[in-house]
2 protein chains.
Amino acid sequence: MDLERSPLARPFPDIPQIDGVTLRIARARYKAWDRCDLTYVELCPGTAVAGVFTRSACASSEVDLGREQARLGRARALIVNAGNSNAFTGYRGREAVEQIMAQVASALDCDPSEVFVSSTGVIGVPLPKDKAQAGIEAALIAAPCGWEDAASAIGTTDTFTKGASASAMLAENRVELAGFIKGSGMIAPDMATMLGYVFTDAAVDPAFLQEMLSKANEATFSCITVDGDTSTSDTVLLFATGKAGNPALSSWDDDGADAFYAALLGICRELAHLVVRDGEGAQKFIEIAVTGAADAASARHVGLAIANSPLVKTAIAGGDANWGRVVMAVGKAGEPADRDRLSIGFGGTWAAKDGQPLADYDEAPVAKHLEGQDIRIDVDLGVGDGRATVWTCDLTHGYISINADYRS
Amino acid sequence: MDLERSPLARPFPDIPQIDGVTLRIARARYKAWDRCDLTYVELCPGTAVAGVFTRSACASSEVDLGREQARLGRARALIVNAGNSNAFTGYRGREAVEQIMAQVASALDCDPSEVFVSSTGVIGVPLPKDKAQAGIEAALIAAPCGWEDAASAIGTTDTFTKGASASAMLAENRVELAGFIKGSGMIAPDMATMLGYVFTDAAVDPAFLQEMLSKANEATFSCITVDGDTSTSDTVLLFATGKAGNPALSSWDDDGADAFYAALLGICRELAHLVVRDGEGAQKFIEIAVTGAADAASARHVGLAIANSPLVKTAIAGGDANWGRVVMAVGKAGEPADRDRLSIGFGGTWAAKDGQPLADYDEAPVAKHLEGQDIRIDVDLGVGDGRATVWTCDLTHGYISINADYRS
């Protein structure tokens, strides 16, 4: 099925090259299509890596292996297969991943544990080893390509190609960050997946790289939701080639660590937002800011309960400032909250304060705000200092059409 | 807006009278409508009561008070207001409930704590005290009515009236149970609510009555979901008048306790199913049986993760035996599961076993099963002996239409 480009799409930005990173793409033809569906990223020796992965109890072999590999902290290559997720395929799926790791490691003369593999697409069908092998052979000798081509090749049902960049000034060195991502919720007939990759020329020790990625993830990728459904393959990897020549960052006390983290946080947030902007059927981008919670984790939990509520999401789709549904979602989150201290606003206008509708509540500016594409919901729980911001999209007929009306 | 009667509706059954229970209805006109919207149930002196309530952190005053009253174990009356939920109304909402309790207690010469109040409908508007007072005055002198009239008067956006009955033979006595319920998910522009009431002429000690209701609730009302959104007012009350004259049941060892519990479980299950059958936009009734879980609670959690997954619900709406989405939902539940032992079936046919699609999987009988209205999904986790069954409905364009397209 052909999906229309999301009305919330962003143009692909200009992204500079990252020293130590070479991008190549090829046709493995995992499905009956004529497009590049295998992305090969070669990383210079000494590249550090960190990763965050789905918490699904039914994760794919790629995730199981990637989690182990990320602990070792070193990477020389990344292979992304699009069109077949290789999930729920038992030992045959694992064999296919191990074959890819061995093939690339042999070509680069590195350890197989330094070759990271991700797959996205149809589930229940073992990744065909012959197609993977031929695709990698082609990729190894392909001419290098740019960011947009690589970002496009990892896409499946995405309606636009997603990338972002950032830079930071460390003590003596300017470092660059670049990244791309795919994902748009979960697409019929098979689950889609969020796969994101960020590359930097900064030198960062692997353990600290992991610490920063885990922290940034908590405030970005872990704060978005399209439909509350979690893929078995979600993966974000961060590679640091060290080519910028800065003294390797190894703790928050190092000069430039804060600047680097700020840039990392920014690029992760932008990539996360792009996934929401391609949410299935999305017509509106929704930011939900929760304050006054018991702590930050509690605030995020409440925010995600609101963001995942079908009633809140349909209300926004209908342009309805239905704060009652927000109350309901706060209540069901199971976090500390006080009904009589709860305040709720839309687009900067409070609709209810301290557990009661405002007597002088003027719905006009709120109605106007809800006509727009970028919606803001403020929720103050009134019980503490915890705060978090989460992002989601609205729930529309488009979501049902994509997921129920079409068959494979 | 006028909603079409659910295609999954059941006709209202013949329900015998329960000795000690008198039903009356009246017009309080909580909204601008000409219908009975106040239900008054008078219970004979000595009636025992038990209750289960929403876990929402933003529960209504009715729920806060009802929870305290149920602990005392005695009831003389029930008032149900339809059209105004009195939720999120601060101290003024509480005053309205206390006024109702005082007014009925005065008429019956009982303690206010023996008067139970429920409200459902618009939120954020304090229940108008004058309308409640006049409505109760009318109800107190109204002629007794039958079950269907009472069940109809508590409805809000329900598309059909819901009731059930059961009986049990204790050692020497036959006892009757009758109940009615309202709820259909959450309806624009305000949350709907599940309110259920069961009445019996059996004599049961309040503490044991509560124990049995809590247990039955775990396997029935707590095992249904329409959209995963939880009302601030959900309430189920069980009243036992004792008029059957049996020696009061007070423990599981008593003769007839098991028979009574079986009847109670049956009527609670039937009432719970009726709510799902009126789920917003529902076209199919879905039963999800989870086996092989670590324990029963884990099985229920996995079952509800599947039942609440928009991707599973849309797949069933589209007649798509998409076991990959079931895998995804199992994975995200966060319960013990083993990807390589997981088995999934539809309508009695296994599609995947031990973590892999079945080689000889025949989709024909499954496709035929999915064309029907009553859908069965089997999931075996392969890690233990825990089991649970949950119920939900599909997610259709009707849900979006009801919740996004219409405004109040």
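Select B:N86 to begin, a residue of this predicted model that sits in the loop between β4 (77–84) and α2 (90–108) of chain B. B:N86 has a relative accessible area of 0%, and because buried means under 20%, this residue counts as buried. Now show its neighbours: leaving aside residues up to four places away in sequence, B:N86 touches B:E62, B:G93, B:V97, B:S119, B:V122, B:V125, B:P126 and B:L127.

Keep B:E62 selected, as it leads to the next stop. A search of the whole structure finds three cavities of 30 Å³ or more, and the largest of them has a volume of about 70 Å³. Of the 13 residues that line this largest cavity, B:E62 is one of the closest to its centre, together with B:F53, B:V117, B:S118 and B:T235. Colour α1 (61–72), β5 (115–122) and β9 (235–240) of chain B, the elements that each give two or more residues to this lining; the largest share, four residues, comes from β5(B). By type, the lining of the largest cavity divides into six nonpolar residues, six polar and one charged.

Then move to chain A, where the second largest cavity, with a volume of about 60 Å³, is lined by residues including A:F53, A:E62, A:G66, A:L195, A:S233 and A:L237. Here the elements to colour are α1 (61–72), β5 (115–122) and β9 (235–240) of chain A, which give two or more residues to the lining of the second largest cavity, and β5(A) gives the most, with four residues. Finally, colouring this second lining by residue type should show six nonpolar, five polar and one charged.

Key:
Residues are numbered from 1 along each chain as its sequence is written. Chains are lettered from A and ligands numbered from 1 in the order in which they are written. This is a predicted model: local features need pLDDT of at least 70, side-chain atom pairs count only at pLDDT 80 or more; totals for chains, interfaces and linings use all residues. Side-chain values use heavy atoms; hydrogens and water are left out. Buried means under 20% relative accessible area, exposed over 50%, partly exposed in between (1.4 Å probe, protein chains only). Contact means heavy atoms within 4.5 Å. On a 1 Å grid over the protein atoms alone, a cavity is a set of points where a 1.4 Å probe fits but cannot get out, and a pocket is an open set with protein on both sides within 12 Å along at least five of seven lines; lining residues have an atom within 4 Å of a point. Grid points are joined across faces, edges and corners, and a volume is the space filled by probe spheres set on the points. Ala, Val, Leu, Ile, Met, Phe, Trp, Tyr, Cys and Pro count as nonpolar, Asp, Glu, Lys and Arg as charged, and the others, Gly among them, as polar.
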